[in-house]
Amino acid sequence: MRSLRAGKLTYVVLALFTAGSLFPLVWTAIAASRTNTRLAQTPPPFWFGGNLGRNLQMAWTDANMGTALLNTVIVAGTVAAGTVAFSTLAGFAFATLRFRGRRLLMSLVVGTMLIPPQLSVVPLYMLIAQLSWTDRLQAVILPTLVSAFGVFFMRQYLAQALPVELVEAARTDGASSLRVVWHVVFPAARPAMAVLGMLTFVMAWNDFFWPIVALTQSGSPTVQVALTGLGRGYIPDQSVIMAGALLGTLPLLLVFLVFGRQIVGGIMQGAVKG
């Protein structure tokens, strides 16, 4: 069997793509280590300065970043876990169960992805105001606890990775619906669940539009809401803003460094099974 080996051109292309991907993060760190006056000069700085610690401390204090990071971990973690669980259950139902109106319901779920999220802001805010949930984390968590994309994604995966005969065999052996889901569906869907969980966590972490409506910078802010407080003033300090953005990005990098190998392994495992 002929082995495939990467040539020099492959490494050059990969190096260029890697440098292009890392440049925004590196530039954020460089800008966070400079002063606002130096960032306004031309040409801009392309190497690190000596104000990184000072700017990070100012961003941490001014934006109440400790509370914001904790709130964002709670929101993103809960939303990711809920989306993975509910989407897997719904995807299993749409992929393997036979019931009346299945195709119509699936079409309605997919159709909701065509609706702009801005259209639901006013009625959703009126609802959370009536429930006295304004400036509370549940106002951000519950509306995004399940997504149409997650249901569609899991349905498409389980339709290929989960044989109907396997579910029928488990039922023939006397397994209940809960046991079938726990011992058959979840193990088969694990690669897709890992991918969906990672995508949902990142989306919930970076979400800005609805949290800025439902939360306040002085109450229970997420990271994105807290960062808006750094841009106020007659002359916003861009170096401090960049330091706050760096603080808000580092947890995502840590999550990927810790779980990246498991996620990539899950994707490869799913590809082999498919």
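**Close-ups of an all-α predicted model**

**View 1. S132 in its loop.** At 46% relative accessibility, S132 counts as partly exposed, a label for residues between buried (under 20% relative accessible area) and exposed (over 50%), worked out with a 1.4 Å probe and protein chains only. S132 sits in the loop between α6 and α7; the helices (H or I, at least four residues) and strands (E, at least two) are DSSP runs, numbered from the N terminus. The backbone at S132 has a positive phi of about 60°, and S132 is not a glycine. Most residues other than glycine have a negative phi, and most peptide bonds are trans. What you're looking at is a predicted model, where local features need pLDDT of at least 70 and side-chain atom pairs count only at pLDDT 80 or more, while totals for chains, interfaces and linings use all residues. Residues are numbered from 1 along each chain as its sequence is written, and side-chain values use heavy atoms, leaving out hydrogens and water.

**View 2. The whole chain, zoomed out for orientation.** The chain has 13 helices and 0 strands, and its C-alpha trace spans about 70 × 65 × 30 Å along the principal axes. Of its 274 residues, 35% count as buried. For contacts (heavy atoms within 4.5 Å) with a separation of 6 or more, 71% link residues 24 or more positions apart. The accessible surface, from the Shrake-Rupley method with a 1.4 Å probe and, for residues, only the protein chains shown as cover, comes to about 16700 Å², and carbon and sulfur atoms own 67% of that. On the charge side, there are 18 positive and 7 negative side chains, with the centres of the two sets 10 Å apart. Here Lys and Arg are positive and Asp and Glu negative, with His and the chain ends not counted; each charge is placed at NZ of Lys, CZ of Arg, CG of Asp or CD of Glu.

**View 3. Two more backbone oddities.** The peptide bond from T42 to P43 is cis, with omega near 0°. P43 falls in the loop between α2 (36-39) and α3 (52-62). Further along, N64 is another non-glycine with a positive phi, about 50°. N64 belongs to the loop between α3 and α4 and is partly exposed, with a relative accessible area of 33%.

**View 4. T83 and V146, a contact pair.** T83 lies in helix α4 (residues 65-96) and is buried, at just 1% relative accessible area. Skipping neighbours within four places in sequence, T83 is in contact with T88, T144, L145, V146, S147, L196 and T200. V146 itself is in the loop between α7 and α8 (148-161) and counts as partly exposed at 44%. With the same neighbours left aside, V146 touches T83, F86, S87 and V151. The C-alpha atoms of V146 and F86 are 6.3 Å apart, though the two are 60 residues apart along the chain.

**View 5. L89 and its partners.** L89 is in helix α4 and counts as partly exposed at 39% relative accessibility. Beyond its neighbours within four places in sequence, L89 contacts V181 and F186. L89 and F186 are 97 residues apart in sequence, with 9.0 Å between their C-alpha atoms.

**View 6. The nonpolar cores.** A nonpolar core here is a set of buried Ala, Val, Leu, Ile, Met, Phe, Trp, Tyr and Cys residues joined through side-chain atoms within 4.5 Å. The largest has 33 residues, and M65, W205 and V223 touch the most other members. Helices supplying at least two residues each include α1 (8-32), α4, α10 (177-206) and α13 (238-273). Helix α4 gives the most, with 7 residues. Apart from this core lies another, of 21 residues, among them V84, L158, L162 and L196. Back in the largest core, V223 contacts M65, A68, L69, T72, W205 and G248, not counting neighbours within four places in sequence.

**View 7. Spans annotated in UniProt.** The unreviewed UniProt entry lists residues 68-97, 104-128, 140-159, 180-205 and 240-259 under "transmembrane region"; positions follow the numbering used here, feature names are shortened, and annotations may be inferred rather than shown by experiment. In the model, residues 240-259 are 100% helix and 0% strand, with end C-alpha atoms 30 Å apart. Residues 104-128 come out at 64% helix and 0% strand, with an end-to-end C-alpha distance of 30 Å.
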